Amino acid sequence: MPLNIDWQQILLHLFNVALLFAILYFLLYKPVHKFMDERAEKYEKMKNDTENRLAEAEKTKAEYEKQLARANAEIDELKAKARSDMAKAADASRLNAENEAKNIISAARTGAESEKKKIIDEARGEIGDIIASAAQKLVSESTAAAYDEFLTAAEGSDTDE
């Protein structure tokens with residue numbers, strides 16, 4: 001044996017190394033590799049679930065935005081209808097107020113005319129009474145004055161005789 005090489009020892013060492021690699025493969029590499037594969041699969045599954053949920057959330061968001069747009073359009077339509085109804089109600093109320101004002105003015109004019117006629121009739125009656133009273137006083141004064149003159153003249157003719 002040159003160089004002190006024992007083939008039996010080399011083969012035994014090779015067998016030990018092969019046995020060590022086989023044991024390490026089954027005890028360490030295979031379980032760690034299996035754990036790593038399961039972990040990678042778990043994270044891939046979580047990634048896919050997250051992507052699916054994100055896509056679902058975006059789809060739901062799009063649906064909500066469509067519903068919101070429809071609701072806004074409906075609100076705008078209802079606002080326009082309410083404005084129209086309010087304008088109609090305001091016009092009707094204004095027309096009603098105008099008609100009521102016309103009726104009040106007409107009633108006031110009628111009342112004023114009747115009051116005017118009543119006042120004129122009362123004034124005519126009072127004027128007639130005043131004229132009659134004045135005429136009576138005038139007649140009574142002129143009659144009294146004429147009677148006094150007659151008496152004076154009669155006394156004066158008695159004295160002349």
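**Figure 1. The whole chain holds one helix and zero strands.** Welcome to this structure, which is a predicted model. Along its principal axes, the C-alpha trace of the protein chain spans about 225 × 25 × 20 Å. The radius of gyration tells a matching story: the protein chain has 66 Å, while a compact globule of 161 residues would have a value near 15 Å. The helix, named α1, covers residues 7-160, and the close-ups below visit several places along the chain.

**Figure 2. The surface of the chain, where buried residues make up 0% of the 161 residues.** What share of the accessible surface belongs to carbon and sulfur atoms? That share is 61%, out of an accessible surface of about 14900 Å² for the protein chain. Charged groups are here too: the protein chain has 23 positive and 31 negative side chains. The centres of these two sets lie 23 Å apart.

**Figure 3. A ring cluster made of Tyr 25, Phe 26 and Tyr 29.** Ring pairs link these three residues, and the count for the structure comes to two aromatic pairs. In one of them, the rings of Tyr 25 and Phe 26 have planes at 80° and centres 5.3 Å apart, so this pair is edge-to-face. Tyr 25 also pairs with Tyr 29, and here the rings are stacked, with 25° between the planes and 5.4 Å from centre to centre. Where do the two tyrosines of the stacked pair, Tyr 25 and Tyr 29, lie? Both are in helix α1, four residues apart, which is about one turn of the helix.

**Figure 4. The same three rings, seen through their accessibility: are Tyr 25, Phe 26 and Tyr 29 exposed or partly exposed?** Phe 26 has a relative accessibility of 53%, so this residue counts as exposed, the cut-off being over 50%. Tyr 25 is partly exposed, with a relative accessible area of 39%. Tyr 29 also counts as partly exposed, at 47% relative accessibility.

**Figure 5. Two salt bridges are found in the structure, and they link Asp 91, Arg 94 and Glu 98 in a network.** As a general point, side chains of opposite charge can pair when their charged atoms come close. Arg 94 takes part in a salt bridge with Asp 91, and their closest N and O atoms are 3.6 Å apart. Arg 94 also meets the side chain of Glu 98 in a salt bridge, at 3.2 Å from N to O. How many residues apart are Arg 94 and Asp 91 in helix α1? They are three residues apart, so about one helical turn separates them. Glu 98 and Arg 94 are four residues apart in helix α1, so they too are separated by about one helical turn.

**Figure 6. How the members of the salt-bridge network, Asp 91, Arg 94 and Glu 98, are placed at the surface.** Arg 94, which forms salt bridges with Asp 91 and with Glu 98, has 43% relative accessibility and counts as partly exposed. Asp 91 is partly exposed as well, with a relative accessible area of 38%. Glu 98 is at 35% relative accessibility and so counts as partly exposed.

**Figure 7. Distances along the chain, from Asp 91 to Glu 113 and from Ala 55 to Ile 127.** Asp 91, already met in the salt-bridge network, lies in helix α1. How far apart in space are Asp 91 and Glu 113, C-alpha to C-alpha? They are 32 Å apart, with their positions 22 residues apart in sequence. Ile 127 also has its place in helix α1, and this residue counts as partly exposed at 48% relative accessibility. The C-alpha atoms of Ile 127 and Ala 55 are separated by 104 Å, and these residues are 72 residues apart along the chain.

Terms used:
Residues numbered from 1 in each chain as written. Predicted model: local features only at pLDDT ≥ 70, side-chain atom pairs only at ≥ 80, totals over all residues. Heavy atoms only, no water. Phe/Tyr/Trp six-rings, centres within 6.5 Å; stacked < 30°, edge-to-face > 60°. Buried < 20%, exposed > 50% of the residue type's maximum accessible area, 1.4 Å probe, protein only. Rg over C-alpha atoms; globule rule 2.2 N^0.38 Å. Areas by Shrake-Rupley, 256 points an atom, 1.4 Å probe, with all protein chains shown as cover. Lys, Arg positive; Asp, Glu negative; His and termini not counted. Charge placed at Lys NZ, Arg CZ, Asp CG, Glu CD. Salt bridge = Lys/Arg side-chain N within 4 Å of Asp/Glu carboxyl O.
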